[in-house]
Amino acid sequence: MTLNYHDPRQLRREILRVLNFYYPDCIDTRYGGYVAQLDERDGFVYDGRTKHLVATARAVHNFSVGALLDGPAWCRTAAEHGLSFLSNHQWDAENRGYDWILRGRETADDTRYCYGHAFVVLASARALEAGIPGAEEELRRAVETIDRRFWEPDHGLYADRADGAWDDLAPYRGLNANMHTCEAMLVAHDVTGDARYLDRAYSIAERLVRDLAAETDGRLWEHYDSDWTHDMGYNEDQPDHQFRPWGYQPGHHLEWSKLLSQLADVRDEAWLRTSARELFDHATEMGWDDDHGGFYYTVDVDGSPVVADKYGWAITEGIGAAALLGRDNEAYLSWYDRLWEYAETNFVNTKHGNWFERLSRTNERDDPNRGTAVEPGYHPISNAFAAMDAF
């Protein structure tokens, strides 16, 4: 590792380096909001019209982090720009929900995803922390919507998605939407001090990690039925599904390890820290490629790789988790250094500062990763931010 990522100043530089890749090209002066679809190799825009809810919310979060770190003045104005678009255009005032995809300012997909609404909670909470105008009102609206429409009190968890008019709630239940809702509620609690957000975050963690994972030897399955019974066959015929692959995801074990460490800082219960360590250990034992480095995207029940590709977001989540676990056990700091070294060698675009999305098992780049559901630097930024807090 050539750089000292134990130094908060270096972590701050990493965050600003990623933001610099997106700004100013991501600012859409025609439709408003962001142009999130930038080619990961050199940054040129390959889709100037598509507005994905998650990409918008993540970019608001990212620029708010930049503002909190006293980054360039454009961090604050970019966060204001995105939050205004989110509030005025991605919010459907008639049906009271956030549209999933827009083309320019026209609705292309109004499916209501808990996952997307969770990121609006996260974005508005972080924007509130940064003092962005309108953030408090947006946070209130987003939380009211996600709780009213998705919260299932009998299970202590959130449903996954509904149609645009909220008439039909899909029977699928998933770990991913709840994981990011837990994350969003933790940030909302951290910013506001409101205990109800902490209660929601804890409920999700308790049900998924302590209760349901006990049925799968402490590992986290992704897919469930409407009664929150494990659906072990879901998408088994589509193991490389972009959002709901079959199998265990080491990256999500790392992400939950990080969240449980953060939750343990404000809720003093021993199982949280124990589970945080166990989930990190599960991820490294079943998911780390000893031959080529990196975490497999998914693994089988016996630990064999199903999709052996490596994703940058999983490395960043490991970085965030290892930094937090390393406060109590220096052995995790060895993983922290190892993951940064691997990232610098393989995932960081040294010419432009962004991270590549996906590599093959042998760390080779494939065709450009281009789609509507892009990752505008959220995982590298949020985990460098978490590591700054740890150090």
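User: What makes strand 3 and strand 6 count as a pair in this model?

Analyst: This is a predicted model, and in it three bridges join strand 3 to strand 6 (residues 101–103). Pairing takes at least two bridges between two strands, so these qualify. The two strands run antiparallel. For a spot to look at, find K51, which stands opposite L102 in strand 6.

User: Why are strand 3 and strand 7 called edge strands?

Analyst: Start with the sheet: three strands, open, in the order 3-6-7, paired antiparallel. Strand 3 (50–52) and strand 7 (106–109) have a single partner strand each, so one side of each has no neighbour in the sheet. On average, neighbouring strands here are turned by 30° against each other, if you ignore direction.

User: How do you know which residues make the contact between helix 2 and helix 12?

Analyst: The cut-off is heavy atoms within 4.5 Å. On the helix 2 side, R58, H61, N62, V65 and L68 make the contact. On the helix 12 side, Y378, H379, I381, S382 and F385 do. By class, that contact has five nonpolar, four polar and one charged residue. As for the axes, those of helix 2 (residues 53–68) and helix 12 (residues 378–390) come within 10 Å and cross at roughly 35°.

User: What makes that crossing left-handed or right-handed?

Analyst: It's the sense of the turn: anticlockwise from the far helix to the near one, by less than a right angle, is called left-handed. The crossing of helix 2 and helix 12 is left-handed.

User: Where does empty space turn up inside, and how many cavities are there?

Analyst: Rolling a probe the size of a water molecule over the atoms shows where empty space is left. With 30 Å³ or more as the cut-off, the count is three cavities. The largest cavity holds about 70 Å³ of space, and the second largest holds about 40 Å³.

User: What lines the largest cavity?

Analyst: Among its lining residues are L19, Y22, C26, F63 and P376. Helix 1 (8–22) and helix 2 each supply at least two lining residues, with helix 2 giving the most, four. N62 is in this lining too, and N62 also belongs to the contact with helix 12. The lining divides into ten nonpolar, one polar and no charged residues.

User: Which residues and helices line the second largest cavity?

Analyst: T316, I319, W340, W355, H379, P380, N383 and A384 line it. Helix 10 (312–325) and helix 12 each give at least two, and helix 12 gives the most, four residues. Five of the lining residues are nonpolar, three are polar and none is charged.

User: Why is the 490 Å³ space called a pocket rather than a cavity?

Analyst: A cavity is space where the probe fits but cannot get out, whereas a pocket is an open set, so the label here says that this space is open. The second largest pocket has a volume of about 490 Å³. Of its 20 lining residues, R126, V187, D190, Q262 and D389 are the closest to its centre.

User: Which element gives the largest share of that lining?

Analyst: Helix 6 does, with five residues. Elements giving two or more include helix 4 (114–129), helix 8 (250–264) and helix 12. The lining of the second largest pocket has nine nonpolar, four polar and seven charged residues.

Note on methods:
Residues numbered from 1 in each chain as written. Predicted model: local features only at pLDDT ≥ 70, side-chain atom pairs only at ≥ 80, totals over all residues. Heavy atoms only, no water. Axes fitted to C-alpha atoms, helices over the stretch in contact; angles between N-to-C directions. Nonpolar A, V, L, I, M, F, W, Y, C, P; charged D, E, K, R; others polar. 1 Å grid on protein atoms, 1.4 Å probe; cavity = no way out; pocket = protein on both sides within 12 Å on 5 of 7 lines; lining within 4 Å. Points joined across faces, edges and corners; volume = space filled by probe spheres on them.
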